[in-house]
Amino acid sequence: MKKVYEGKTKDVYVLDNGNYRLIFKDDVTGENGVFDPGANTVAFSIEGIGKANLMVSTMFFEMLNNSGIDTHFISADIENGTMDVKPAKSFGRGLEIICRYKAAGSFLRRYGAYVKEGENLNAYVEATLKDDERGDPLVTAEGLEALGIMTGYQFEEIKANTRKITDLISDLLKKKGLELYDIKLEFGIDNDGNVILIDEISSGNMRVYKNGKFVDPMDLTKILITDK
């Protein structure tokens, strides 16, 4: 294997067959020693969290693949903390797609004059550019097309698939007594030009509540991998 990318929470290697292998780390992001899945720096390490995140991602990817959703997931080796995936190219320098069922987090900070926390947003889909230096700015479908990042047709396809994926994940969470507020996803283009879901789907990618109270991502991971 040849390492092609070293990330904060996982490293990426290219395999001889052209596929890629993600190796999940026990490092977690945060600031000043406090865990924050949205932070841009590594705060500390938690033994076993890499495998736990891999277990959660594998559970969701297998569910989506079985439901006919195109993803980069091929297989996972939980014991060794690895996931094998199809090659795929990111849009631009990286694009995050957020589906929001209820107002919370950055959406509430931006639009708090018009909405209260927890209000329904009817699966609103928005996109942000991965750009730490510029604070991951929001971008419209027209902006993505003007910047040459994707076509309007591709964005409409991503938006429709995002809502399908979010509905499936929300239904699974509901069976565990959990309510999904929002989720962050990433898409790419495979070697055949198809738009597919990429990256990971771990607890740090979503905002979840139980009985009206926010569920910490670490606690959510425990619920998802232990509560059947």
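## Briefing on a predicted structure

Leu22 has its bridge partner, Met83, in strand 8. The model in which this pairing is found is a predicted one, and the protein it describes has five helices and 16 strands. The points below begin with the sheet around this residue pair, go on to the protein as a whole and its nonpolar core, and end with a few single residues.

**The sheet around Leu22 and Met83**

- The two strands concerned are strand 3, which covers residues 20-24, and strand 8, which covers residues 82-85, and they pair in the antiparallel sense over four bridges.
- Both strands belong to an open sheet of five strands, in which the order is 1-2-3-8-7 and the pairing is antiparallel.
- Which strands stand at the edges of this sheet? They are strand 1 (2-6) and strand 7 (73-77), and because each has a single partner strand, one side of each is left without a neighbour in the sheet.
- If direction is ignored, neighbouring strands of this sheet are turned by 25 degrees against each other on average.
- Helix 1, made of residues 49-66, packs on the sheet and touches strand 3, strand 7 and strand 8, while its direction makes about 145 degrees with that of strand 7.
- As general background, the strands of a sheet pair through backbone hydrogen bonds, and they may do so in a parallel or an antiparallel way.

**Asp84, a residue of the sheet**

- Asp84 lies in strand 8, and with a relative accessibility of 14% it counts as buried, since the cut-off for that word is under 20%.
- When residues up to four places away in sequence are not counted, Asp84 touches Leu15, Tyr20, Arg21, His72, Phe73, Ile74 and Ser75.
- Asp84 and Ala103 are 19 residues apart along the chain, and their C-alpha atoms are separated by 35 Å.

**The protein as a whole**

- A compact globule with 228 residues would have a radius of gyration near 17 Å, and because the protein has 17 Å, its value agrees with that expectation.
- Taken along the principal axes, the box filled by the C-alpha atoms of the protein is roughly 55 × 45 × 40 Å.
- Of the 228 residues in the protein, 46% are buried.
- If we look at contacts between residues at least 6 apart in sequence, 53% of them join residues at least 24 apart.

**The nonpolar core and strand 10**

- The largest nonpolar core has 47 residues, and the members that touch the most other members are Phe60, Phe91, Leu95, Leu144, Phe187, Ile201 and Met206.
- Phe60, one of these, is in contact with Ile169, Leu172, Ile201, Met206 and Leu224, leaving aside its neighbours within four places in sequence.
- In soluble globular proteins, nonpolar side chains tend to be buried together.
- Why can strand 10 (residues 95-102) be called largely enclosed by the rest of the structure? The reason is that eight of its eight residues are buried.
- Strand 10 pairs with strand 11 in the antiparallel sense over seven bridges, and within strand 11 it is Leu129 that stands opposite Leu95.
- Strand 10 is also joined by five bridges to strand 13 (residues 179-190), and these two strands run antiparallel; in strand 13, Leu185 is the bridge partner of Ile97.

**Ser203, a residue in a loop**

- Is Ser203 buried or exposed? Ser203 is buried, with a relative accessible area of 1%, and its place is in the loop between strand 14 (195-198) and strand 15 (206-210).
- The side chain of Ser203 makes a polar contact, at 2.8 Å, with the side chain of Thr221.
- Apart from residues up to four places away in sequence, Ser203 touches Val56, Pro217, Leu220, Thr221 and Leu224.

**Two loop residues with a positive phi**

- Asp136 is not a glycine, although it has a positive phi of about 50 degrees. The loop that holds Asp136 runs between strand 11 (120-129) and strand 12 (138-139), and Asp136 counts as partly exposed at 25% relative accessibility.
- Asn211, which is not a glycine either, has a positive phi of about 55 degrees. Asn211 is placed in the loop between strand 15 and strand 16 (213-214), and with a relative accessible area of 74% Asn211 is exposed.

Technical notes. Residues numbered from 1 in each chain as written. Predicted model: local features only at pLDDT ≥ 70, side-chain atom pairs only at ≥ 80, totals over all residues. Heavy atoms only, no water. Core = buried A, V, L, I, M, F, W, Y, C linked by side-chain atoms within 4.5 Å. Buried < 20%, exposed > 50% of the residue type's maximum accessible area, 1.4 Å probe, protein only. Contact = heavy atoms within 4.5 Å. Pairing = 2+ DSSP bridges. Axes fitted to C-alpha atoms, helices over the stretch in contact; angles between N-to-C directions. Polar contact = N/O pair within 3.5 Å; in protein donor to acceptor, adjacent residues only side chain to side chain. Rg over C-alpha atoms; globule rule 2.2 N^0.38 Å.
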